[in-house]
Amino acid sequence: MEQDPEQGLQSSLVSRQVQRHRIRTEEPLLGSLYLTARRAGLSDQMTMNLAGILSWEIDLGRQLRKNDRLAIIYDKIKSPDGELLDTEIQAVSYRGRNAELEAIRFERADGQSSYYNPDGDNLRRELKRYPVDYTRISSHFDLNRRHPILGVRRPHLGVDLAAPTGTPVYAAGDGRVVERGRNGGYGRVVSIEHGSGYKTLYAHLNGYARGLRVGDRVQRGQLIGYVGQSGTATGPHLHYEVIVNGRHRDPVKVDLPKAEPLTDDYLAKFLSHAKPLVQALRDPDSGDDEIKIASND
Ligand SMILES: [Zn+2]
């Protein structure tokens, strides 16, 4: 009996491949995203990933409401022996009173992946909306404001994000540090140029991230300093400005630049990839189920 050596190699490769189990889950929102994710069976790591996806569009501290609907399609990636290697969120929908989102994961041929809305717009923004985990907005952007301490008309060119002294402040996006130092009433300031005409400014800092210098390249989410009340400030907060082509804009409302759109041929691939996922997300009758899919999907 002659055995085809190539055939043997093929089947041993196939049997060594990882397996994916696709799962759809839909839950009403409980007290918090964390509790909801726990009930849906998500690991802590997946919950972090989920929060990362949702937070591109949704203010998780303020816009989530009890009984909003959260649907997730994810893959459990297992070794041939059945050991859980990884989980990957393929699609998410959030339907709520104050917030709506549909996100589909798509990986390009170069291995770069991101989450897109069903039309193929990248959900990732070059800038995060808020560079600090704040407790409340203590003062809004206002071009006609009277200064609370000086009593004179003094435009408020940013938003004041109240937070305890020492709270970490992160770069809103990738860029280059163009200012780090004292600047009059602003106290300790860091400014970052992001390209595409965007610049951000962080004022009243208690201190700077260790080693941060003018000219440094920073990445989105990198620690740049700490909340304080240096300069003219009535309490600890981050004064945050977004400047677009030299003009101050309201950081809460300004359109944030979107990251890399899909090229035309990727867009076509994305749309056919997304269609069944979007259908499964929207179909309330799909219920919670587990679907075995081809391992090379
Ligand atoms: Zn301010």
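## A tour from helix α3 to the zinc ion

Begin by selecting helix α3, residues 44-54, in this predicted model, and colour its buried residues, which are Met 46, Thr 47, Leu 50, Ile 53 and Leu 54. If you then turn the view until you look down the axis of α3, these buried residues fall within an arc of 120°, so they line one face of the helix. An α-helix has 3.6 residues a turn, so residues three or four places apart point the same way. On the other side of α3, select Gln 45 and Met 48, both of which are exposed.

Next, bring up what covers the buried residues of α3, which includes the helix α2 (33-39) together with β2 (69-78), β3, β4 (100-107) and β5 (113-116).

From this cover, move to strand β3, which spans residues 84-95, and pick out Gln 90 within that strand. Is Gln 90 buried or exposed? Gln 90 is buried, with a relative accessible area of 4%, and showing its surroundings brings up contacts, beyond its neighbours up to four places away in sequence, with Arg 20, Arg 22, Ile 73, Tyr 74, Asp 75, Ala 103, Ile 104, Arg 105 and Leu 277.

Finally, select the zinc ion, and ask which residues coordinate it. The zinc ion is held at 1.9 to 2.1 Å by His 156 through NE2, Asp 160 through OD and His 239 through ND1, and along the sequence these donor residues follow the spacing H-x3-D-x78-H. Two of these donors can be checked for burial: His 156 is buried, with a relative accessible area of 3%, and Asp 160 is buried as well, with a relative accessible area of 7%.

Methods: Residues numbered from 1 in each chain as written. Predicted model: local features only at pLDDT ≥ 70, side-chain atom pairs only at ≥ 80, totals over all residues. Heavy atoms only, no water. Helix = DSSP H or I, 4+ residues; strand = E, 2+ residues; numbered from the N terminus. Buried < 20%, exposed > 50% of the residue type's maximum accessible area, 1.4 Å probe, protein only. Contact = heavy atoms within 4.5 Å. Donors = N, O, S within 2.8 Å, 3.2 Å for Na, K, Ca; no water. Arc of directions from axis to C-beta.
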